[in-house]
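Here's a quick tour of one chain in this model, with a look at where it meets its neighbour. Grab your viewer and follow along.

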Amino acid sequence: MSYEIPDDLFYTKEHEWARREGDFVVVGISAYAQESLGDIVFIELPKIGEELSQNDTFGVVESVKAVSDLFSPISGKVVETNGTVTETPELINQDPYGEGWLIKLTMGDDSELHNLMNATEYEEYLGQEAKEATEP
Amino acid sequence: MSTLKRTPLFEAHKEGGARLVPFAGWEMPVSYSGVMDEHLTVRKSAGLFDVSHMGEILIRGEEAERCLNFLLTNDVSRLTDKKALYTVSCYKDGGSVDDLIVYKVSKSEYLLCVNASNVEKDFEWFKENSRNFNVAITNESDNFAQIALQGPKSDEILQPLTNIDLASLTSFYFNYGKIGSCEAMIARTGYTGERGVELYLAPKDAIYVWHLLLEKGGALGIKPIGLGARDTLRLEMAYPLYGHELSKTISPIEANLGWVVKLKKGSFIGSDTLREQVEKGTKRGLIGLEMIEKGIPREGYPILDSNGKKIGAVTSGTFSPSLNIGIALALVDSRFKDVGTEISVEIRGKSAKARVVQTPFYKPN
């Protein structure tokens, strides 16, 4: 199965994405992540002003059957959260890279982006995960 | 790691695009179109479930009824031919071996449908404790496939395909007939709360019946359903699931299943303990709860009283697709069992308000 993996984003091993927007970074979860979780029915996001370090958990996403932590792709301060997705979490399923974005952070150390995967690397990473899952 | 068993419908699940997961030693479909969609499909139309992983144990002999009344908590002597009942099987200390359905085929033959994860355990337990009875107990699990057809449109889909009159097949009755060209045992039982049937088939016929029902029911909106929605559907009905609401350490009395514990029928395994539990009450009991504040209660989450003291834990919890809120079954201190009691669920270190409610959570039309 193939998933949409936009070229201009950076990805974590936990399937969050990060998009550089000037001095800020917008964060969400990948198409693969939302598809694996299934119908998303609950989302918990951090408070504005919270300081996050790279790999910190910043919230929780829940589908009918599963609970999953959200990990921050970079260090930064939360300047905005997507209030629409807390009310209508299904937006994350419908549009994970657009309307389903989760938080916006200040961009601290932009070298941290290079700890993340680019689209090509993430695609390979998903391929490996799929392979491991089908091996006995 | 041992290899997972596959039901006769495995290829149909793969072709149908199901997501397959290990469950009780079987490779089973957890979802097809998504838990939410599948759940609502069963509530408003009809869904098809592969439940071939369930175990079937046959007990035969002149003393079958007496034997079952010793092994089980419910009173099997109340059954007429082609009638079924729900029951628990207990240990001496009142803990539960399993919960199951007993189908009375005839005076000397009963079919027991048991949980997939408990087949071997139950079979050994029944054999071991039936030595004083003139019966033959056999594990027939490999000789049955099982398909559940559940939802308000079930009869409309199945009736044109069978010679059994479904309108006269009432709750917990069953009969033998044909589905298309295949022999089947058709039972008015299920695990969703909706009108529906469970079909007991020869494994070789399962694929044919599966495709026949999907094809003929297509216009009425039938869809294949995975174990994910099976769980949310049963939870909305507050039906217990072994390993959660019932276990070696949870008695049917604690699980609010006193209605299947017939103490008047005479002595049976566990009857002394269960009688004491009924007479003296139990320290803990099962409740249904609905979230007042946002959040989804999950298995193992602590239940707190208004002072933040732990009074129990969630045994099964989910987001309810029909009600759009978090619901759960929880085992709590019996002093907090009254409907309307405000309690809290500790969700990731934070407490969220909830309320004890009447079950079932959802009432089908």
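Burial first: 48% of the 365 residues of chain B count as buried. Keep in mind that this is a predicted model. Chain B averages a pLDDT of 97, with 99% of the residues scoring at least 70, and the model as a whole comes in at ipTM 0.85 and pTM 0.94.

**Overall build of chain B**
- On the secondary-structure side, chain B has eight helices and 19 strands.
- The radius of gyration of chain B is 21 Å, which agrees with the value near 21 Å for a compact globule, because that is what the rule gives for 365 residues.
- Lined up along the principal axes, the C-alpha atoms of chain B fill a box of roughly 65 × 50 × 45 Å.
- Take the contacts in chain B between residues at least 6 apart in sequence: 66% of them join residues at least 24 apart.

**Domains**
- The domain assignment splits chain B into domain 1 (10-51 + 144-236), domain 2 (55-141) and domain 3 (283-357).
- Going by C-alpha atoms, the centres of domain 2 and domain 3 of chain B sit 34 Å apart.

**The β1/β2 hairpin**
- Strands β1 (residues 19-23) and β2 (residues 26-31) of chain B run antiparallel, and five bridges join them.
- One pairing to click on is B:Phe23, whose bridge partner in β2(B) is B:Trp26.
- Two residues lie between the strands of this hairpin, and B:Ala24 in the turn has a positive phi of about 50°.
- β2(B) is mostly covered, with five of its six residues buried.

**A loop residue: B:Arg335**
- You'll find B:Arg335 in the loop between β17 (325-333) and β18 (342-347) of chain B.
- Is B:Arg335 buried or exposed? B:Arg335 counts as exposed, because just 12 C-beta neighbours fall inside 10 Å, and the cut-off for exposed is 12 or fewer.
- B:Arg335 and B:Gly285 are 50 residues apart along the chain, yet their C-alpha atoms are separated by 9.0 Å.

**Where chain B meets chain A**
- At this interface, 12 residues of chain B are in contact with nine residues of chain A.
- Which elements give two or more residues to the chain B side? They are α2 (35-44), α7 (227-236) and β16 (310-320) of chain B.
- Sorted by class, that side of chain B has five nonpolar, five polar and two charged residues.

Terms used. Residues numbered from 1 in each chain as written. Chains lettered and ligands numbered in written order. Predicted model: local features only at pLDDT ≥ 70, side-chain atom pairs only at ≥ 80, totals over all residues. Domains from an automatic or database assignment. Helix = DSSP H or I, 4+ residues; strand = E, 2+ residues; numbered from the N terminus. Buried ≥ 20, exposed ≤ 12 C-beta atoms within 10 Å, placed from the backbone. Contact = placed C-beta atoms within 7 Å. Nonpolar A, V, L, I, M, F, W, Y, C, P; charged D, E, K, R; others polar. Pairing = 2+ DSSP bridges. pLDDT = per-residue confidence, 0-100. Rg over C-alpha atoms; globule rule 2.2 N^0.38 Å.
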